[in-house]
Amino acid sequence: MKITKICCIGAGYVGGPTMAVIAQKCPHIQVTVVDLNEQRIKLWNDPDVNNIPIYEPGLSEVVAEARGRNLFFSTDVDKAIDEAEMIFISVNTPTKTYGSGKGLAADLKYIELCARQIARVSKTNKIVVEKSTLPVRTAEAIKSILHNTGNGVKFQILSNPEFLAEGTAVEDLFHPDRVLIGGETNAEGEQAIQALVEVYANWVPKDKILTTNVWSSELSKLVANAFLAQRVSSINAISELCEKTGANVNEVAKAIGMDSRIGPKFLKASVGFGGSCFQKDILNLVYIAKSYGLHEVADYWEQVIIMNDHQKNRFAKNIVTTLYNTVADKQITFLGWAFKKDTNDTRESAAIYVADNLLFEQANIVVFDPKVSYAQILSDLTYLGSRTEAENKEHITVASDPYEACKGAHAIALLTEWDEFKTYDWERIYAQMNKPAFVFDGRNLLDKALLTRIGFKYQAIGS
Ligand code: NAD
Ligand code: UDX
């Protein structure tokens, strides 16, 4: 079966970039991305392509090339479903905040709504592709909803998890390490798998397209994120030991990473990992293990999260201790709020938790992030529920210029590794700060020798 029309439900960090790249690489396929969020779709359609709602290096160029040619963004979900032969579900699957599995399980209500809508609207056979990260065996639930419509329409369900990382989404989509497609192990399943293989084969070498059964594919996504996050928590655990012993975590990471069995990637000690995926997916893995009664397995993986929470908290505590045990009414300037560089995404960013800790200590926080708005920062903090929005507003402000942000600060906390922070005039920043002028580098980004020479009291992670 040759696919000519694709619909993607969900125009977020995954749906948007993934479909833009499919459309750019497959001019013969019409790709329509739909979302209930009218504002988001409006921005995807903004005549000025720089206003698209997601900041990713290289994304606006891809959108500019394909949009209006074979890439469309719309709120008409029914029409796009009706027309498509293949439907990607790329809606959010956050951690449940209510009911059974609260705080651990993935909330599948958005997925179920999609499945019901597809079941209601479809008049012709469809291939439904799970692009969202889903707990093992979700395809079974989707199948059950779709197959009970009674109108004779046939559905094939594939799992095709996305491995892109934010900040490098376009590059990751252009040159994926692998594309994973899980499907049913029968003739119809095989046909559906092949239809999706053919889409990717337009730009991905066939030997990088891996096909498995549905459950292996769903589980592999959770496991990949758990392994990656585990490396970060492992090196962060060692960072604390380094601080106590005089070893340097950068040196340790380099030394172990040169062992080809370990490898050099994902060994950067930091203030803690953030992002919408790592915590959510590990919690989900923990929940699945628990639900099978595998308590040791659950505890093993939960430790990755416990270590990460510890790393964020101890970073904040160290600021308070170093500033003579009080930050009340002192100005702490945050450089960076996003959970990593080159993205405007702030979900689960370490900065949120560090700020929350410091606000409990009555600090005044000024934030500068090149891509994150004040409204987003406030909403991230208010979402935690530690205090009202009005109280947050009183103690947290933003500056549109980094030098303004640092003026009058008692300390700078660097939370995101934006490249531009390295290029600042640190002499100028020093001159305008309260003395002693502290810098807490949560990303080991800045030049310690330079900052110390200028006069800063500089502290990094793990040394
Ligand atoms: P997101 O919140 O940015 O986007 C999801 C979009 O789906 C939202 O715009 C929302 O309005 C829309 N939506 C929800 N229900 C809908 C419905 N019934 N009909 C139409 N639109 C609907 O989320 P995201 O970051 O793109 O993540 C989507 C999925 O991809 C998640 O399962 C996530 O775990 C997975 N994932 C994310 C990343 C990442 O880096 N962000 C990477 C790999 C996988
Ligand atoms: C992750 C996975 O990498 C990706 O494959 C999956 O599809 C989605 O989840 P993402 O969350 O976008 O991607 O970013 P990632 O680069 O993995 O970083 C996650 C967090 O870990 C960030 O806060 C980052 O700063 C932190 N990190 C990463 C470290 O602290 N040290 C490292 O060495 C690597």
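This is a short talk on a few local features of one structure, which is a predicted model.

I will start with strand 1, residues 5-9. Four of its five residues are buried, so the strand is largely enclosed by the rest of the structure. Which strands does strand 1 pair with? One is strand 2, residues 30-34, which runs parallel to strand 1 and is joined to it by five bridges. In that pairing, Lys5 stands opposite Gln30. Another is strand 4, residues 86-89, again in the parallel sense, this time over four bridges. Here Ile6 stands opposite Met86.

The connection from strand 1 to strand 2 involves a helix. Helix 1, residues 15-25, together with strand 1 and strand 2, makes a right-handed β-α-β unit.

Next, the backbone. As background, most residues other than glycine have a negative phi, and most peptide bonds are trans. I have three places to show you against that background.

The first place is Phe266, with a positive phi of about 60°, although it is not a glycine. Phe266 sits in the loop that links helix 10 (249-257) with helix 11 (278-291). Is Phe266 buried or exposed? It counts as partly exposed, because 16 C-beta neighbours lie inside 10 Å, and being buried would take 20 or more.

The second is Asn325, also not a glycine, where phi is positive at about 65°. Asn325 belongs to the loop between helix 12 (295-322) and strand 9 (331-335). Asn325 has 8 C-beta neighbours inside 10 Å and therefore counts as exposed; the cut-off for that is 12 or fewer.

The third is a peptide bond. Lys435 and Pro436 are joined by a cis peptide bond, with omega at about -5°. Where is Pro436? It is in the loop that runs between helix 17 (426-431) and strand 13 (438-441).

Last, ligand 2. How many residues surround ligand 2? There are 19, and the closest are Lys268, Ser270, Phe273, Gly275 and Cys277. Helix 9, residues 214-245, gives the largest share of this shell, with three residues. By type, the shell divides into eleven nonpolar residues, four polar and four charged.

To recap: strand 1 is largely enclosed, Phe266 and Asn325 each have a positive phi, the bond between Lys435 and Pro436 is cis, and the shell around ligand 2 holds 19 residues. That is the end of the talk.

How values were computed: Residues are numbered from 1 along each chain as its sequence is written. Chains are lettered from A and ligands numbered from 1 in the order in which they are written. This is a predicted model: local features need pLDDT of at least 70, side-chain atom pairs count only at pLDDT 80 or more; totals for chains, interfaces and linings use all residues. Helices (H or I, at least four residues) and strands (E, at least two) are DSSP runs, numbered from the N terminus. Two strands pair if DSSP finds at least two bridges between them. A crossover is right-handed if, with the strands pointing away from the viewer, the path from the first strand over the helix to the second runs clockwise. A residue is near a molecule or strand if its C-beta atom, placed from the backbone, lies within 6 Å of it. Ala, Val, Leu, Ile, Met, Phe, Trp, Tyr, Cys and Pro count as nonpolar, Asp, Glu, Lys and Arg as charged, and the others, Gly among them, as polar.
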